[in-house]
Structure formats: C-alpha cells, structure tokens
Amino acid sequence: MLKHRLLTPRPPILLGFGGLLAFLHYNDERRAVKIGKDSYTGSDTAVAPIIGGPFTLVNSENQIVNEQDFLGNWVLLYFGYTSSPDIGPDQVRIMAKVIDTLEAKKNLKVLPVFVTIDPQRDTPAQLRAYLKEFDPRIVGLGGPVSAVRQMAQEYRVYFKKVEEEGDDYLVESSHSMYLIDPKMKVVRCFGVEYNAEQLSKEILKELKKHQVNA
C-alpha cells in the first residue's frame, strides 16, 4: 500500500514588495544548474530534469510551499485557471474522479494539485472556493506571476492570454496533466484525450511498475 503524507501546515506569509523580491530571488537561487560527474567519462556535466524542477508558490491557505512539501506523495498535477469556461472544469472533474477511483477501488492515494496559470485573478481565496466545488482534497497553488511562469516553463506548459477586453480574458493553454512520483520526478504526461476511467487505468499501471521496481 502506498502511503500518503499530509502536507505540514505553515503559518500564513503575506508578501509585501520586499518579501516579493526575496521570494523571487529564492526561486532563482534554487534553480541554479547542478554540476555532477558523468558516469561514463568522469567529466563534469550539467544535471537537470527534462520536465519539472524546483518551485516556490503560494497555496490556497496563503502559505508558501515548494516541491519539498510534496515528497513522499504520488501527485497528479494540472495547470489550469478558475475562469476556464469548458476544458478546465472538465479536467478538474476528471482529476477528482480519478483520485476517488484509485482510493476506493485500489486503496491507492494520489495527491491532486492544481496550479493556476492566471495568478492575477486566481487569489488564494478564489482557488480555495473553486476547488472546493470539485473536491476539497485538491491542493491549489498560485503566487507571483513570474514564479508561476517559471514553473510552467519547467513543466513545458504553454499558456497565453487571448480575447482580452480589459480585465476580461481567456487563457489558452496546453491543458497537460502530470503524474509525479514520490521523489517529485515526472513519470507520465497526459493530454485531454483521456477520460477518468482511462486515466485511472494508466496511472494504476505506473504505480504498479513503481512497486515492482522499488
């Protein structure tokens, strides 16, 4: 049975201008490319994941979190926004149904995480209210625009504002969903062609592979 580690609560941190600069600087420092030894040549080589990487964002409880807080969990990660008119809500519903299916039928826990690609409008309170309508277990993440953009780039997520009319706009995006292992490494990327049943089966396959190789 895979264990599900609860995130450790942290006191809320409000970000003023100085705090915001420190927040962004901390993110940049943690993204420095690590240098390691090539196992074949013995020479120095850059070591970095192809998809994914460190991040520091703000959750729906207005607490700062980073990728270290998710270690030990299987994570199903989706990038969306609360004003999405169609595909976004469908994908969140699929996410909620998948975690229910895996837990109820297979006794496997996967932590659902929703990262907003519209942090200007998706405040912590907005994320909390939106995600509660689907499943209160879904962790909502947002924060400064630059921090969200950096994470999206690391996960190869495309997004762009379209049909702008003042504060009213849509966000075009790739709608990718990622399965991440307990070491925070991306295992699979899923597109919108998967329904809840298909996605549950594919995720179960990956979890079984991990159990065999562990």
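**Entry 1: starting at Tyr78**

I began with Tyr78, which stands opposite Met177 in β10. Note to self: this is a predicted model, so everything below is read from computed coordinates.

Next I looked at the strand that holds Tyr78. How many residues of β5 are buried? I get 6 of 6 for β5, residues 75-80, so I wrote "mostly covered" beside the strand. Both faces are covered: Val75, Leu77 and Phe79 are buried on one side, and Leu76, Tyr78 and Gly80 are buried on the other. That split fits the rule that side chains in a regular strand alternate between the two faces of the sheet.

**Entry 2: the neighbours of β5**

I then looked up the pairing of β5. With β6, I find 6 bridges, and the two strands run parallel. Leu76 has Pro112 as its bridge partner in β6. I also followed the chain through this part: β5, α2 and β6 make a right-handed β-α-β unit.

With β10 (residues 177-180), β5 shares 4 bridges, and here the strands run antiparallel. Val75 has Ile180 as its bridge partner in β10.

**Entry 3: β10 and its hairpin**

Is β10 covered or open on its two faces? I found both covered, with Met177 and Leu179 buried on one side and Tyr178 and Ile180 buried on the other.

β10 also pairs with β11 (residues 186-190), through 4 bridges and in antiparallel fashion. Leu179 in β10 is matched by Arg188 as its bridge partner in β11. The two strands form a hairpin with 5 residues between them. I checked the turn as well: Met184 there has a positive phi of about 65°.

**Entry 4: helix α3**

I moved on to α3, residues 124-132, and looked for its buried residues. Leu127, Tyr130 and Leu131 are buried. Why do they end up on the same side of α3? Because they cover an arc of only 90° around the axis. What do the buried residues of α3 pack against? I noted α2 (87-106), β6 (111-116) and β7 (139-142).

**Entry 5: aromatic rings**

I searched the whole structure for aromatic pairs and got 8. I wrote up two of them.

Phe55 with Phe70 is a tilted pair, 6.1 Å centre to centre and 45° between the planes. Phe55 lies in the loop between β2 (44-47) and β3 (56-59), while Phe70 lies in the loop between β4 (64-66) and β5, so the pair ties together parts that are 15 residues apart in sequence. Both rings belong to buried residues: Phe55 has a relative accessible area of 2%, and Phe70 has 1%.

Phe114 with Tyr130 is tilted too, at 6.0 Å centre to centre and 55° between the planes. Phe114 lies in strand β6 and Tyr130 in helix α3, so this pair ties together parts that are 16 residues apart in sequence. Phe114 counts as buried at 1% relative accessibility. Tyr130 has a relative accessible area of 12%, and I still list Tyr130 as buried, because the cut-off is under 20%.

Where does this bring me back to Tyr78? Ring pairs link Tyr78, Phe114, Tyr130 and Phe134 into a cluster.

**Entry 6: a charge over a ring**

Last lookup: which ring does the charged end of Arg121 sit over? The ring is that of Tyr169, and the charged end is 3.7 Å from its centre.

Methods: Residues numbered from 1 in each chain as written. Predicted model: local features only at pLDDT ≥ 70, side-chain atom pairs only at ≥ 80, totals over all residues. Heavy atoms only, no water. Buried < 20%, exposed > 50% of the residue type's maximum accessible area, 1.4 Å probe, protein only. Arc of directions from axis to C-beta. Contact = heavy atoms within 4.5 Å. Pairing = 2+ DSSP bridges. Right-handed = clockwise from strand over helix to strand, strands pointing away. Phe/Tyr/Trp six-rings, centres within 6.5 Å; stacked < 30°, edge-to-face > 60°. Lys NZ or Arg CZ within 6 Å of the ring centre and 35° of its normal.
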